[in-house]
Amino acid sequence: MRGYRAGDVDLMVRLDERCFGEAFRFDRRSMRRFAEAREAIVVMAEEALERLEAGACVPIAGFVIAQLEGAARERYGYVVTLDVAPELRRAGLGEQLLTEAERQVLAAGVGRMGLHVAVDNGAAIRFYERLGYACVGVAKGFYREAGLDGLIYRKEL
């Protein structure tokens, strides 16, 4: 695992295209803006690449972008995106990435994390709940382009 480097944006966009449907992807400009924000926490995974299918052409295994948001006692970490190469899912890499992002958020003096999940993404819902996130509400129309609501999840670190 390592932090973000300026040349990672194109790799991140390519992996994001493999991980999410068009309505859920970030364009290059947005990805760069999130990854290079002043209070961004980015964790990159390069290991386990030998398990990628031939021709996958993705030299990173996964990444997570989190942001430190809010002010004073209301600060929290927010998971912008968590991407794991499809060939490497269900092997613990997503959990490792998220756990490291949580560790860095906690080290910054922030004690909780939040995120949104599309209401129809059962695999992600099960993943986050298994890791201690709890649904605290619904954001109507959060995923506008997909026409879906987003479930709001929180976790005390």
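Contact here means that heavy atoms lie within 4.5 Å of each other. With that in hand, start at R28. This model is predicted.

**R28 and its surroundings**

R28 sits in helix α2, which covers residues 28-35. Leaving aside neighbours within four places in sequence, R28 is in contact with V9, D10 and V13. Is R28 buried, partly exposed or exposed? Its relative accessibility is 39%, so R28 counts as partly exposed. R28 and D16 are twelve residues apart in sequence. In space, their C-alpha atoms are 10.0 Å apart.

**The sheet**

Now turn to the strands. Six of them form an open sheet with mixed pairing. Their order is β1-β2-β3-β4-β6-β5. The edges are held by β1 and β5 (134-143). Each has a single partner strand, so one side of each is left without a neighbour in the sheet. Neighbouring strands are turned by 25 degrees against each other on average, direction ignored.

Three of the pairings are set out below.

| Strand pair | Sense | Bridges | Residues opposite each other |
|---|---|---|---|
| β2 and β3 | antiparallel | eight bridges | Q67 and Y78 |
| β4 and β6 | antiparallel | seven bridges | V117 and L151 |
| β5 and β6 | antiparallel | six bridges | A134 and R154 |

β5 and β6 also form a hairpin, with four residues between the strands. There, G147 takes a positive phi near 70 degrees.

In a regular strand the side chains alternate between the two faces of the sheet.

**Helices on the sheet**

Two helices can be placed against these strands. The β2 and β3 strands, joined by eight bridges, are a good place to begin. α1 packs on the sheet and touches β1, β2 and β3. The direction of α1 makes about 75 degrees with that of β3. α4 lies across β3, β4 and β6. Against β4, α4 runs at about 165 degrees.

**Helix α3**

Helix α3 spans residues 93-107, which makes 15 residues. From its first C-alpha to its last, α3 reaches 21 Å. That is close to the 21 Å expected at 1.5 Å a residue. After α3 comes G109, whose phi is positive, near 85 degrees.

Which residues of α3 are buried? They are L93, G94, L97, L98, A101, E102 and V105. An α-helix has 3.6 residues a turn, so residues three or four places apart point the same way. The cover over the buried residues of α3 includes β1 (40-45), β2 (62-69), β3 (76-84), β4 (112-118), α4 (122-130) and β6 (148-156).

E102 belongs to this helix. Its relative accessible area is 9%, and buried means under 20%, so E102 is buried. Leaving aside neighbours within four places in sequence, E102 is in contact with M113, Y133, K155 and L157. With K155 there is a polar contact of 3.2 Å between the side chains.

**The core**

In soluble globular proteins, nonpolar side chains tend to be buried together. In this model, the largest nonpolar core has 44 residues. Those with the most contacts inside it are M12, F63, I65, L97, L98, Y128 and Y133. Helix α1 (residues 9-19) gives the most to this core, with six residues.

What does F63 touch, leaving aside its neighbours within four places in sequence? F63 is in contact with M12, L15, M31, V43, M44, T81, L82, D83 and L97. Among these, M12 and L97 are also listed with F63 as having the most contacts inside the core.

Definitions and conventions. Residues are numbered from 1 along each chain as its sequence is written. This is a predicted model: local features need pLDDT of at least 70, side-chain atom pairs count only at pLDDT 80 or more; totals for chains, interfaces and linings use all residues. Side-chain values use heavy atoms; hydrogens and water are left out. Helices (H or I, at least four residues) and strands (E, at least two) are DSSP runs, numbered from the N terminus. The expected span of a helix is 1.5 Å times one less than its number of residues. Buried means under 20% relative accessible area, exposed over 50%, partly exposed in between (1.4 Å probe, protein chains only). A nonpolar core is a set of buried Ala, Val, Leu, Ile, Met, Phe, Trp, Tyr and Cys residues joined through side-chain atoms within 4.5 Å. A polar contact is a pair of N or O atoms within 3.5 Å; within protein, one must be able to donate a hydrogen and the other to accept it, and residues adjacent in sequence count only if both atoms are side-chain atoms. Two strands pair if DSSP finds at least two bridges between them. Axes are lines fitted to C-alpha atoms, for helices over the stretch in contact, and angles run from 0 to 180 degrees between N-to-C directions.
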